[in-house]
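Student: I am new to this structure. Please take a close look at one part for me, the pairing of charged side chains, and then place it in the rest of the chain.

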Amino acid sequence: MNETTLQVGIVGGYLALSLLVGLLAYRLTDRSAEDYYLASRTLGTVVLLFTTFATLLSAFTFFGGPNTAYGSGPEWILVMGLMDGILFAVLWYVIGYKQWLLGRKHGYVTLGEMLGDRFGSPLLRGLVAAISLFWLFPYVMLQQVGAGTALEALTGGELSYAMGAGIVTVFMIAYVVLAGMRGIAWTDTLQGVFMLVMVWVAALWVLTELGGMGSATARLAESNPEFLSLGGGRYSPQWMLSQAIGIAFGVAMFPQVNQRFFVAGSKKVLKRTFSLWPILVVLLFVPAFMLGAWARGLPINVPENGNVLSILLAEYAPAWFAALVIAGAMAAMMSSSDSMLLSGSSYFTRDLYRPFINPDASSSWEDTLGRIGVAVFAIAAFVASLYSPKAITTIGSTAFGGFAQLALPVIVALYWSRVTRTGMLVGIVGSQAFYLASVFLPFIPSSYAGWLASVVGMVIGLVLTISVSAVTSPAPDEDRNLYFDLHAD
């Protein structure tokens, strides 16, 4: 058996195992929209922790993270591993706990549904869904780009980029359509544990080959001493804080993450999960980013747009182990994409189709339409991944900032009874318009006094939401008490 056959066999075996888990979940899934999208709100601590972990920490952990550390140093451990780990855990409590209470009381499935009900506004509901789908679609596509690129590199080109991305897409459609949230949560738990173990074993393996951590760090100090000092003149405090804030608040509004605020089986489960979150994030990001940083001191050739982790393992580890780690990377990509597909489908069926096309749709029809939507969403993203037009790629790479613009108006709505429908609409539209202009219009600055436009846009959205709400009156159909009469068990 040659190396390519072995490598493809390992990755294929992993994909088949994920599909089997999804088939098992299908046998236990009710044919209702709530069970399909939220597993009937029954997830426990371990499954909720690892499904959020695997869903959020996607291809960036295995490829983007090490590549960033290879090119710029390991400070991103501080930005994403520490600051984001803590910030998102705080937001999980501030936003997630209130959403969980509301979802349990009123049966909400999506963020747009919750806001639309609070403000009596199908327009607001549809707007939140449309904005979310705009930023989500290219991000799904980027996961497929990562999968195709990884398999092409692993097989030395014997499996083409298109074939690799297509295979992963077919597997994702199969088990997401069959199993819904329950199956995704189970496969995410498998994938999350697997990728966490693989990245640590990879780090230990490479360090053993290099003679230990001291030797690897010494080589890095000799080639790039600035990598061992915080900042090193490369990043300003404003830039690092902007990145951490934009990513953490954006993550809280990502549909596939935000919906997990609804699925905890109890208050105790929810609180245990966000308490453990920072520990798990640090455990993953430290070895992944340090592998990229240590690689900078080694005599390896990393071409432009190449994946340093794949090249590092090809040089210092046997082919079968490299295939296992690539399988871990595939796990990261799939565990993000599958949840994005499910959430994207729910946002379309629940917030666009139901209120604007068929308000009387039954739960069983919505369940069927959601499964169809998953397949359509995945195929469209796959086709886009074959072309990767610059505009779509730009949207995907700036998606965290786009989602972050929703966060502060949502927090205001959750905690301030005087916010109005008009204030919400103006705040959301204003901050999105500003951020989109900063991304696509060259004459709009991308930073202000060192602060990135994503954070400035969040402040604009907050100011607009509060100031417009202060001078406008609530509509007659707004329920100002909806969010404030909540009690936990």
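Tutor: A salt bridge here is a side-chain nitrogen of Lys or Arg lying within 4 Å of a carboxyl oxygen of Asp or Glu. The model is predicted. By that rule, the count is five salt bridges. Side chains of opposite charge can pair when their charged atoms come close.

Start with Asp351 and Arg125, whose closest N and O atoms are 2.9 Å apart. This pair links distant parts of the chain, since Asp351 is in helix α14 (residues 319-356) and Arg125 is in helix α7 (residues 122-154), 226 residues apart. Both Asp351 and Arg125 are buried.

Another salt bridge joins the side chains of Asp188 and Arg260, at 3.4 Å from N to O. Asp188 belongs to helix α8, while Arg260 sits in the loop between α11 (255-258) and α12, so the pair ties together parts 72 residues apart in sequence. Are these two partners buried or exposed? Buried means under 20% relative accessible area. Asp188 has 0% relative accessibility, so Asp188 counts as buried. Arg260 has 1%, so Arg260 counts as buried too.

Next come Glu366 and Arg354, whose side chains meet in a salt bridge at 2.5 Å, N to O. Glu366 lies in helix α15 (residues 363-387) and Arg354 in helix α14, so this pair ties together parts twelve residues apart in sequence. Glu366 is buried at a relative accessible area of 3%, and Arg354 is buried at 18%. Salt bridges that share partners join Glu113, Arg350, Arg354 and Glu366 into one network.

Now the surroundings. The protein chain has 19 helices and two strands. Of its 489 residues, 58% are buried. Among contacts with a separation of 6 or more, 86% are between residues 24 or more positions apart. One example of parts distant in sequence being brought together is Val11 and Ala323, which are 312 residues apart along the chain and have C-alpha atoms separated by 6.9 Å. Val11 is in helix α1 (residues 3-27), and its 3% relative accessibility means that it counts as buried.

What is the size of the largest nonpolar core? It has 144 residues, and those with the most contacts inside it are Phe88, Leu115, Met253, Trp277, Leu313 and Met330. Helix α8 gives the most to this core, with 18 residues. Asp188, from the salt bridge with Arg260, is also in α8.

Some nonpolar residues are at the surface instead. Trp200, Leu204, Leu276, Ile279 and Leu283 form a nonpolar patch on the surface, with about 450 Å² of accessible area together. The elements giving two or more residues to the patch are α8 (161-210) and α12 (267-295), and α12 gives the most, with three. Leu276 lies in α12 and is partly exposed, with a relative accessible area of 39%. For the chain as a whole, the accessible surface is about 18000 Å², and carbon and sulfur atoms hold 67% of it.

Leu276 also leads to helix α3. Leaving out residues up to four places away in sequence, Thr45 touches Val269, Arg272, Thr273 and Leu276. Thr45 is in helix α3 (residues 45-56) and counts as buried because its relative accessibility is 15%. Ten of the twelve residues of α3 are buried, so this helix is largely enclosed by the rest of the structure. Among those buried residues are Leu48, Phe50 and Phe53. At 1.5 Å a residue, α3 should span 16 Å, and its end C-alpha atoms are 16 Å apart, which agrees. Ahead of α3, Arg41 is in the loop between α2 (33-38) and α3. Arg41 has a phi near 55°, a positive value in a residue other than glycine, and Arg41 is buried at 13% relative accessible area.

A positive phi of about 55° also occurs at Ala449, which is not a glycine. Ala449 lies in the loop between β1 and β2 and is exposed, with a relative accessible area of 72%. The strands β1 (447-448) and β2 (451-452) are among the elements that the buried residues of helix α19 pack against.

Conventions
Residues are numbered from 1 along each chain as its sequence is written. This is a predicted model: local features need pLDDT of at least 70, side-chain atom pairs count only at pLDDT 80 or more; totals for chains, interfaces and linings use all residues. Side-chain values use heavy atoms; hydrogens and water are left out. Contact means heavy atoms within 4.5 Å. Helices (H or I, at least four residues) and strands (E, at least two) are DSSP runs, numbered from the N terminus. Buried means under 20% relative accessible area, exposed over 50%, partly exposed in between (1.4 Å probe, protein chains only). Accessible areas come from the Shrake-Rupley method with a 1.4 Å probe; for residues, only the protein chains shown count as cover. Patches are made of residues with over 30% relative accessible area and no salt bridge: like charges are joined within 9 Å, nonpolar side chains (Val, Leu, Ile, Met, Phe, Trp, Tyr) within 5 Å. A nonpolar core is a set of buried Ala, Val, Leu, Ile, Met, Phe, Trp, Tyr and Cys residues joined through side-chain atoms within 4.5 Å. The expected span of a helix is 1.5 Å times one less than its number of residues.
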